[in-house]
Amino acid sequence: ITDGNFSSRIFQIDDGWEKSLGDWQIREDSFPDGFKEITSKIEEKNFIPGLWIAPFIIDSRSETAKLHSDWLLRDKNGKLVPAGYNPLWGKNGTFYCLDLSRDEVISHLDNLMNTIINSWGFRYIKLDFLYAGMLYGDYAQKTASYKIYSRAIKILTSRTQTTSGSPVAYLGCGAPF
């Protein structure tokens with residue numbers, strides 16, 4: 001992150017902090033005290049706290065998927081649209097994508113970003129697997145997928161400062177940013 005006349009180093013917490021894909025809650029077994037103390041310590045060492053997240057993908061077994069099955073993107077036959085394969089994720093390694101045309105999905109992700117930045121204290125957010133926001137499916141709102149994707153990216157990256165005024169930066173991986 002460059003802010004004025006200085007550059008900073010980043011300390012990023014990567015995959016594995018979350019309960020599951022789509023359940024972007026902290027694993028208490030790994031982080032029993034949450035993130036606020038950790039991000040404060042990272043800042044004290046003159047690093048910027050960073051966090052990996054893949055906001056557009058979800059494990060169909062996650063609590064979020066169970067509570068909001070309508071949030072998962074489906075094809076015209078009603079089958080879930082696969083977003084990829086990782087043997088450590090999802091049922092049989094397959095993970096899926098969210099229907100980003102749904103306002104409630106975007107609102108959920110926007111609230112999540114606010115928590116990550118302003119409650120947990122992260123100022124560098126690595127947004128991964130972004131291609132999932134452009135996959136072909138039977139979207140709830142019928143429009144071009146690039147419009148749905150663009151809206152989601154703009155909302156997710158709209159915070160350029162924390163509520164206390166510190167800069168926030170994003171790294172987009174896996175798709176145009």
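## Two loop residues and the aromatic groups

In this predicted model, the loop that runs between β5 (23–26) and α1 (36–44) contains E28. With a relative accessibility of 47%, E28 counts as partly exposed, because that class covers values between the 20% limit for buried and the 50% limit for exposed. E28 is separated from K66 by 38 residues in sequence, and the C-alpha atoms of E28 and K66 are 21 Å apart in space.

A second loop, between β9 (94–97) and α3 (103–119), holds S101. The relative accessible area of S101 is 2%, so S101 is classed as buried, the cut-off for that class being under 20%. The side chain of S101 has a polar contact with the side chain of D99, and the side chain of S101 also reaches the backbone nitrogen of A140; the table gives both distances.

| Group on S101 | Partner | Distance |
|---|---|---|
| S101 side chain | D99 side chain | 2.6 Å |
| S101 side chain | A140 backbone nitrogen | 3.1 Å |

When residues up to four places away in sequence are not counted, S101 touches Y139, A140, Q141, I148 and R151. A140 therefore appears both among these contacts and as the residue whose backbone nitrogen the S101 side chain reaches.

Turning to the aromatic rings, the count of aromatic pairs comes to ten, and one aromatic cluster is formed by W17, W24, F31, F35, W52, W120 and F122. A charge is also placed over a ring in this model, since the charged end of R9 sits over the ring of F47 at 4.1 Å from the ring centre, where the cut-off is 6 Å.

How values were computed: Residues are numbered from 1 along each chain as its sequence is written. This is a predicted model: local features need pLDDT of at least 70, side-chain atom pairs count only at pLDDT 80 or more; totals for chains, interfaces and linings use all residues. Side-chain values use heavy atoms; hydrogens and water are left out. Helices (H or I, at least four residues) and strands (E, at least two) are DSSP runs, numbered from the N terminus. Buried means under 20% relative accessible area, exposed over 50%, partly exposed in between (1.4 Å probe, protein chains only). A polar contact is a pair of N or O atoms within 3.5 Å; within protein, one must be able to donate a hydrogen and the other to accept it, and residues adjacent in sequence count only if both atoms are side-chain atoms. Contact means heavy atoms within 4.5 Å. Rings of Phe, Tyr and Trp (its six-membered ring) pair if their centres lie within 6.5 Å; planes under 30 degrees apart count as stacked, over 60 as edge-to-face and the rest as tilted. A charge sits over a ring if NZ of Lys or CZ of Arg is within 6 Å of the ring centre and within 35 degrees of the ring normal.
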